[in-house]
Each structure stands twice: as C-alpha cells, then as structure tokens.
Amino acid sequence: MNIDGNENEAKLKILSSSSDEGCATFSISEEDHTLANALRYMIMKNPKVEYCGYSIPHPTEAKVNIRVQTSEETTAVEAMNKGLDDLIELCEHILVEYNEKLDLKNYKYDEGVFDTENKA
C-alpha cells in the first residue's frame, strides 16, 4: 500500500518510452535519493547500460524519475529489472552478513563513543 492509501497506484511506472526499447524513463513513487542513488549505481554496473541518471521532480513530491539508456544488447526494462534484482541480492547479502556478525556477540566499541558523562 502506498503512504497516501491509494492501493491502485503502481509503485513503478514507465513514464516515457520511445520506439527505441533501449531508452525509457521510470517513475518510482514514495521514494527518495536513498533508493534512487543505490539503484542508479547498480544499473550502471551493467556493461550493457550506457546511461542511468535520476532526478527528484520536486522536493515536496515523494517521487523519483530514473532514465535508463542501453546498448542494443538489452532493453531499458530488462536493465531496470536486473538493477532491482541486483540491489535486492546485495541488500540480502548485507543483512545475512550483519546478522552473522551480530550473532557472534563480539562487540567492540571505540573508547568514549558511549561515554555520556564526559561530553563537553
């Protein structure tokens, strides 16, 4: 469900697509720079992608527009899907590694980080 309660609105939309399947602009609702920059990075790691950039149309809108241009070897939709899959895989890997380290209970703190008595 979207934050505004409109369940009929799609989270990811294709805003513009030319007859060239290698170019498309996608809109992702209820997102900001956090997802957009990570997704842009993952899409650009694909050697079949020539360009990927994003913009926030307006600071008061919780929406991100992502432009993808690819070589003839793939389509923009395929590049977006691969980028999303790769980002999910990376996040899952980070979560597994984090939980494994947390389960070790081998906590190390920098001296003074949690010392609230001597704060100036």
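## Charge pairs and surface patches in a predicted model

Cys91 is partly exposed, with 46% relative accessible area. Cys23, by contrast, is buried at 13%, which falls under the 20% limit for that class. The count of disulfides in this predicted model comes to zero.

**Overall layout.** The protein has two helices and four strands. Read from the N terminus, these elements follow the order β-β-α-β-β-α. Of its 120 residues, 25% count as buried.

**Salt bridges.** Side chains of opposite charge can pair when their charged atoms come close. Three salt bridges are counted here, and the table lists them with the N to O distance.

| Pair | N to O distance | Relative accessible area |
|---|---|---|
| Lys11 and Glu31 | 2.9 Å | Lys11 35%, Glu31 24% |
| Glu61 and Lys63 | 3.3 Å | Glu61 35%, Lys63 27% |
| Asp86 and Lys82 | 2.9 Å | Asp86 22%, Lys82 40% |

Lys11 pairs with Glu31 in a salt bridge. This pair links distant parts of the chain, 20 residues apart: Lys11 sits in the segment before strand 1, and Glu31 in the loop between strand 2 and helix 1 (33-44). Lys11 is partly exposed, and Glu31 is also partly exposed.

Asp86 and Lys82 form a salt bridge within one element. Both lie in helix 2, and because they are four residues apart there, about one helical turn separates them. Asp86 counts as partly exposed, as does Lys82.

The remaining entry in the table joins the side chains of Glu61 and Lys63. Glu61 is partly exposed, and Lys63 falls in that class too.

**Surface patches.** A patch of negative charge on the surface gathers Asp20, Glu21, Glu50, Glu72, Glu73 and Glu78. Asp20 belongs to the loop that runs between strand 1 (12-17) and strand 2 (23-29). Its relative accessibility of 40% makes Asp20 partly exposed. Asp20 can be part of a patch because 40% is over the 30% required.

A nonpolar patch on the surface is formed by Leu95, Tyr98, Leu102, Tyr107 and Tyr109, which together have about 570 Å² of accessible area. Tyr107 is located in the segment after helix 2 (76-103). With a relative accessible area of 46%, Tyr107 is partly exposed, and this value likewise passes the 30% cut-off for patch residues.

Conventions: Residues numbered from 1 in each chain as written. Predicted model: local features only at pLDDT ≥ 70, side-chain atom pairs only at ≥ 80, totals over all residues. Heavy atoms only, no water. Patch = residues over 30% accessible without salt bridge, like charges linked within 9 Å, V, L, I, M, F, W, Y side chains within 5 Å. Areas by Shrake-Rupley, 256 points an atom, 1.4 Å probe, with all protein chains shown as cover. Salt bridge = Lys/Arg side-chain N within 4 Å of Asp/Glu carboxyl O. Lys, Arg positive; Asp, Glu negative; His and termini not counted. Charge placed at Lys NZ, Arg CZ, Asp CG, Glu CD. Buried < 20%, exposed > 50% of the residue type's maximum accessible area, 1.4 Å probe, protein only. Disulfide = S-S within 2.5 Å.
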